[in-house]
Amino acid sequence: MTGRTPRLSRLRRVVPEGRAARQATEGRQARPAESRGGRPRRRGAQPKVVALGGGMGLSASLAALRRITGDLTAVVTVADDGGSSGRLRAELGVLPPGDLRKALAALCGDDDWGQTWSRVIQHRFTSQGDLHDHAVGNLLIVALWEQLGDHVQALDLVGKLLGAHGRVLPMSAVPLELQALVKGHDPDRPEDVDTVRGQATVALTPGEVQSVHLVPHDPPAVPEAVAAVLDADWVVLGPGSWFSSVIPHLLVPELLDALTATKARRVLSLNLAPQPGETDGFSPQRHLEVLGRHAPKLALDVVLADEAAVPDREVLTEAAKRFGAAVELAPVARRDGTPRHDPELLAAAYDRIFRMHGRIGPWR
């Protein structure tokens, strides 16, 4: 880590002053009641939480976290190349806006304003023309990027319009391509290992994903995302598509440096079930093993899993110990039998973890 410390120090300094001032004046909560690095905190303040991921997994985590803290930042992967996002990316050369849109929708409140805007930005056009299947929110985000010329400012403005209960940031300001080494991607050559390109293709591969990497290989992180991780009390990684939404954050060097250097506690939230194609047949502990292969120096504090999705707690506990983490099992799935998180149950699990494993006791 010593070789990368200057880069982290530089990133602390380069967040534009205007944005820092905006953060300070837009209702940001005070830090919790213990000093960290010499900074005083107000007793009883809410935890500063950063959630990393993409797609529906991150949305589930955000819908839960916004119920227990008013100081929430989402850092979102930008490697999507399918659907409306892929079309906009190919035509305009922009970041794929889809996962950013989903995160903003998840942060909308439960009042009429929040739910209306959540539906509006998620709405997709149905037509026989070029607008077919484009999401309204994708077009809005891209329009503001073009108008303002600033990814972060535009997303902050959309969040303000929606009344979002938190902030959404891309993990990098350049569009990324996800590539994977996949064994048996071609069913006719089950023992061969091929390079599969594109997040949409990786997510649906019938083969066994061995590893993933990003192109470019050393993408720059968004400075505000790095600053948020370094300044957090808790960082939540997952749930979500393991190889295409969770692990990519660990492949951005500056973001991985921040995750390693931060004094925040780190929670890994496991999926409720393997994802067909990408992680088909994966046990909970195997998810940890592949995470460790991609980021061997990453430490965790807590691994959260649904109690019904863990057939052998002892084996998972041993796998978590390699990261320095404790295992917390809780009922976090919807009761309808689908492999989806219940926001209220997941919020209760996060709240309990923050209280039990935090350094300063209850937040409220």
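In which kind of crossing, left-handed or right-handed, does helix 3 pass helix 15? The model is a predicted one, in which local features need pLDDT of at least 70, side-chain atom pairs count only at pLDDT 80 or more, and totals for chains, interfaces and linings use all residues. Residues are numbered from 1 along each chain as its sequence is written, and side-chain values use heavy atoms, leaving out hydrogens and water.

**Helices 3 and 15**

Select residues 55–65 (helix 3) and 343–357 (helix 15); helices are DSSP runs of H or I with at least four residues, strands are E runs of at least two, and both are numbered from the N terminus. The crossing is right-handed (the near helix is turned clockwise from the far one by less than a right angle). The helices pack at an angle of about 70 degrees, with axes 8 Å apart (lines fitted to C-alpha atoms over the stretch in contact; angles run from 0 to 180 degrees between N-to-C directions). Helix 3 is therefore roughly perpendicular to helix 15 (65 to 115 degrees). Next, display A60, S61, A63, A64 and L65, which meet P343, L346, A347, Y350 and F354 (contact: heavy atoms within 4.5 Å).

**Helix 13**

Move to residues 284–294, where eight of the 11 residues are buried (under 20% relative accessible area, 1.4 Å probe, protein chains only), so helix 13 is largely enclosed by the rest of the structure. Its buried residues, including H287 and L291, pack against elements among them strand 6 (208–215) and helix 14 (313–321).

**N271**

Finally, select N271, in the loop between strand 8 and helix 13. N271 is buried, at 16% relative accessible area. A polar atom of its side chain lies 2.7 Å from the backbone nitrogen of G240.

Definitions and conventions:
Angles under 35 degrees count as roughly parallel, over 145 as roughly antiparallel, 65 to 115 as roughly perpendicular and the rest as oblique. Buried means under 20% relative accessible area, exposed over 50%, partly exposed in between (1.4 Å probe, protein chains only). A polar contact is a pair of N or O atoms within 3.5 Å; within protein, one must be able to donate a hydrogen and the other to accept it, and residues adjacent in sequence count only if both atoms are side-chain atoms.
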